[in-house]
Structure formats: structure tokens, C-alpha cells
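Thanks for sharing this one. Below are a few notes to read alongside the coordinates, starting with the interior and ending with some backbone angles.

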Amino acid sequence: MGNADSNTHVANATGKPLRIYYHVEMMTLNELVVEAGAEIGGSISETGASVSSKVSSNVKSVFKPDSRIRYIRLPANDCCKFSGEGKLFVSVFVEDNHNEKACVHTISENFHIPSDRSFIVTANHNIKFQKYDAGPWIDDEGNDHRP
């Protein structure tokens, strides 16, 4: 399976809560339920001279409560350690602030994390590897992502 004393950590510099699914093999994300919604509207001024319209859609990923894929919920500006694994594949989602069961944005799907490597989910939703022995917020290039 993997090293029982894993040194893989994740730091959340996004400013938003994350849900991170992880597995030692690539995941098929059929454990997701996608909720889609749409909004269409418009307005016409009293003179009829200007017309405006609005079309928007929203798609949220909602996770099945009985999903067998392990995950962690990571609050904004926090760090944590993965337990008992070697290499990992991670799928990272931004949670909805108003519904902890829903996610509103996908950051990555099946991103490969080598054994005993740690990573940072940055404010602009990139994934960067942490620099060895530099603390959880410093990436390989020396950039500090501390919130």
C-alpha cells in the first residue's frame, strides 16, 4: 500500500475551504453527483430603448455521503498531514461556503503527488510542491504562499 509514516502534507492558501479526495491509484470520479442550475432573466426600460439580459448557470459537485474514496476537509489557511500513504493522486475541490456537502469549483483531478512530497494549493488555485525543510507555505521556487 504505502509508507505507514507518510510525510505528505497539504497547505491551503486559497482563502476558501477545500475538500481533497485522495487515493494511491487514479480515481474515477463517478462518486460525484453533479447539480446543475440555470438562471435566465432580462429587463426592458420604460421607454423600451434599452434591453439587458442575464444568462448564468451554476454547476456544483455534491459528494455522495457513502463514497468509498477517502477525503479530508481542509479549512481556509490551514495545513494537514495525509496518513499512511506513499504516492497519492489527489482531486481538489473548493467547498461551497453555504453548503458543506457541495463543491463549487474543481482545482484538480487525479494530480499525482510523489511519495513523501507535500504540496500547497495556492491562492490562484495552482498546486505547487513544497520545498523540503522550508515549512508548509514555501514552494520549490522559494515563494511564500503564507496567507
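**Notes on the core, two buried polar residues and two backbone angles**

1. The largest nonpolar core has 17 residues, and those touching the most other members are Val10, Leu18, Ile20, Phe82, Val90, Val92 and Phe119. At least two residues of this core come from each of β2 (18-23), β5, β7 (88-96), β8 and β9 (119-121). The biggest contribution is from β7, which gives four residues. Please keep in mind throughout that this is a predicted model.

2. A separate core is also there, made up of five residues, including Tyr21, Met27, Ile69 and Cys103.

3. Val90 deserves a look of its own. Leaving out residues up to four places away in sequence, Val90 touches Ile20, Tyr21, Tyr22, Met27, Phe82, Ser108, Glu109, Asn110, Phe111, Ile113 and Phe119. Two of these contacts, Tyr21 and Met27, are listed among the members of the five-residue core.

4. Is Ser108 buried or exposed? Ser108 has a relative accessible area of 8%, so it counts as buried. This serine sits in strand β8 (residues 99-113). Beyond its neighbours within four places in sequence, Ser108 is in contact with Val90, Ser91, Val92 and Ile127. Val90 and Val92 in that list are also among the core residues that touch the most other members.

5. Arg117 is a nice one to inspect on screen. Arg117 belongs to the loop between β8 and β9, yet its relative accessible area is 14%, so this arginine is classed as buried. Which residues does Arg117 touch, not counting those up to four places away in sequence? They are Thr8, His9, Phe129, Gln130, Tyr132 and Asp140. With Tyr132, the arginine side chain makes a side-chain to side-chain polar contact of 3.4 Å.

6. Two backbone angles may be worth checking by eye. Asn77 is not a glycine, but its phi is positive, near 60 degrees. Asn77 lies in the loop that runs between β5 (70-74) and β6 (79-81). Its relative accessibility is 41%, which means that Asn77 is partly exposed.

7. The other angle belongs to Asp133, also a non-glycine residue, where phi is positive at about 55 degrees. Asp133 is located in the segment after β10 (127-129). With a relative accessible area of 86%, Asp133 is exposed.

How values were computed. Residues numbered from 1 in each chain as written. Predicted model: local features only at pLDDT ≥ 70, side-chain atom pairs only at ≥ 80, totals over all residues. Heavy atoms only, no water. Buried < 20%, exposed > 50% of the residue type's maximum accessible area, 1.4 Å probe, protein only. Contact = heavy atoms within 4.5 Å. Core = buried A, V, L, I, M, F, W, Y, C linked by side-chain atoms within 4.5 Å. Polar contact = N/O pair within 3.5 Å; in protein donor to acceptor, adjacent residues only side chain to side chain.
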